[in-house]
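Good morning, and thank you for the time. I would like to walk through the helix packing in one structure, and I ask that you keep it in view as I speak.

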Amino acid sequence: VSAIRVVKSFVREGFENEKYTAACESLYKQFVNAESRLSFNNPAMLVAVYGCNIALSWFGAKYVLHGAITTGQLNALFGYIMNILMALMMLSMAFVMIAMSAASARRIVEVLDETTDLPAPKAPVQQVRDGGIEFEHVTFKYKHGSGQPVLNDITFTIRPGETLGIIGGTGSAKSSLVQLIPRLYDAESGTVRVGGVDVRDYNLDVLRREVSMVLQKNVLFSGTILDNLRWGDENASEEECIRVAKLACADEFIERFPDKYNTWIEQGGSNVSGGQKQRLSIARAIAKEPKIYLFDDSFSALDYKTDVTLRRALKEETDNATVIIVAQRISTVLHANQILVLDDGRLVGKGTHAQLMANCPEYQEIARSQLSQKELNLQDLNTGKEDA
């Protein structure tokens with residue numbers, strides 16, 4: 001249902017119906033199999049109950065005839081036997097329910113017993129000094145991936161307050177690199193430092209509070225726009241939320257909603273467009289006011305005019321913070337203090353736009369594919385003026 005537009009656009013309704021029918025039939029057969037086994041429980045218990053009553057009637061009548069017991073005592077025996085058997089019947093049903101819930105309990109316990117792959121330090125650092133970042137011969141691979149390193153021997157340094165651009169082809173591990181900074185993963189070898197301290201030595205909550213990340217796939221939660229903006233700062237006032245929305249160029253569409261900032265956002269942000277979702281996610285990140293901003297391809301759904309306006313506003317707001325921008329468009333990282341060029345998990349270029357245009361073939365190829373000859377000439381002219 002959540003992918004119904006894709007299903008309809010590829011005319012795959014018949015295939016999905018068959019798949020759903022097969023799943024339902026499989027579930028139906030399992031239930032019938034289970035219920036057929038459980039159906040013997042009730043008759044078996046009733047046979048036991050009435051069998052005991054018949055046996056008690058047979059033997060009790062003989063004892064009454066011989067004067068061993070009275071009729072009143074026989075009636076009392078009937079009452080005791082029925083109470084005992086009914087209790088046993090309820091107990092048997094309880095065992096059936098326990099057996100049925102055991103599978104669910106095992107799945108819940110499996111999640112509860114899961115241990116983190118990120119061990120906590122013995123004496124965690126409780127403060128991030130600044131937004132400086134260092135990668136020293138970092139190699140990383142996913143444990144459940146192909147086994148091949150995703151990042152190979154990455155080394156670079158970015159000083160506090162600088163802007164770093166990361167560019168490269170699809171699958172060049174740009175997102176994997178930035179996810180090592182808030183320690184969503186640990187490096188296989190090498191060291192990642194934030195504020196001069198190895199990220200493995202920080203208290204995780206402290207480190208992640210100082211890193212604001214806008215992911216490649218933005219997620220909004222059920223609630224009002226204000227509720228979503230307060231994920232960045234739960235104590236933010238409405239005025240502060242409006243301020244960050246204006247910085248992220250989100251106010252222009254929010255003001256068009258009838259309920260404005262109290263507009264309800266559906267789960268996953270299904271009632272707003274991709275560009276609107278990105279701007280709300282950026283506003284949420286700004287509200288956090290951290291020392292480091294990570295924008296993981298966060299401007300891809302924006303039109304060029306909004307992209308330029310947003311980056312200008314961000315430059316003023318994040319002037320004292322370290323900013324890392326992962327982008328597909330070279331214009332987004334053009335004026336960064338330093339640009340990294342990744343290719344298949346390797347660092348193949350590092351420097352300013354002018355330096356990379358002079359000595360990095362991979363960057364030159366990307367620039368020529370995205371910028372017109374006029375724009376390239378203009379960039380060369382600006383570079384010459386800066387050198388002069």
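I begin with helix α11, where helices and strands are DSSP runs numbered from the N terminus (H or I for helices, at least four residues; E for strands, at least two). The cover over the buried residues of α11 includes α8 (238-247), α10 (274-287), β9 (292-296) and α12 (330-333); contact here means heavy atoms within 4.5 Å.

A word on provenance. This is a predicted model, in which local features need pLDDT of at least 70 and side-chain atom pairs count only at pLDDT 80 or more, while totals for chains, interfaces and linings use all residues. Residues are numbered from 1 along each chain as its sequence is written, and side-chain values use heavy atoms, with hydrogens and water left out.

Which residues of α11 are buried? They are T306, D307, V308, L310, R311, A313 and L314. Buried stands for under 20% relative accessible area, exposed for over 50%, and partly exposed for what lies in between, with a 1.4 Å probe and protein chains only. The helix itself covers residues 304-317, 14 in number, and its first and last C-alpha atoms are 20 Å apart, close to the 20 Å expected at 1.5 Å a residue. That expected span is 1.5 Å times one less than the number of residues.

Let me turn to the pairing of helices. Two packed helices are described by the angle and the distance between their axes. Axes are lines fitted to C-alpha atoms, for helices over the stretch in contact, with angles from 0 to 180 degrees between N-to-C directions.

For α10 and α11, the axes come within 12 Å and cross at roughly 5 degrees. That makes the two helices roughly parallel, given that angles under 35 degrees count as roughly parallel, over 145 as roughly antiparallel, 65 to 115 as roughly perpendicular, and the rest as oblique. On the α10 side, R279, I282 and I286 meet T306, L310, L314 and E317 of α11.

How do α8 and α10 cross, left-handed or right-handed? The crossing is right-handed, a term for the near helix being turned clockwise from the far one by less than a right angle, whereas anticlockwise would be left-handed. The axes of α8 and α10 come within 8 Å and cross at roughly 125 degrees, and α8 and α10 are therefore oblique to each other. V244, A245 and L247 of α8 make the contact with A283, I286 and A287 of α10.

Next, the interior. A nonpolar core is a set of buried Ala, Val, Leu, Ile, Met, Phe, Trp, Tyr and Cys residues joined through side-chain atoms within 4.5 Å. The largest such core has 47 residues, of which I167, I254, L280, I282, F295 and Y363 touch the most other members. Its largest share, six residues, comes from α10. A second, separate core of 30 residues includes V138, F156, V194 and V206. Beyond its neighbours within four places in sequence, I254 is in contact with I225, A245, K260, Y261 and L280.

Finally, two residues outside the buried set. G274 lies in α10 and, at 42% relative accessibility, counts as partly exposed. E266, in the loop between β8 (264-265) and α10, is also partly exposed, at 38%. Its C-alpha is 7.0 Å from that of F221, 45 residues away in sequence.
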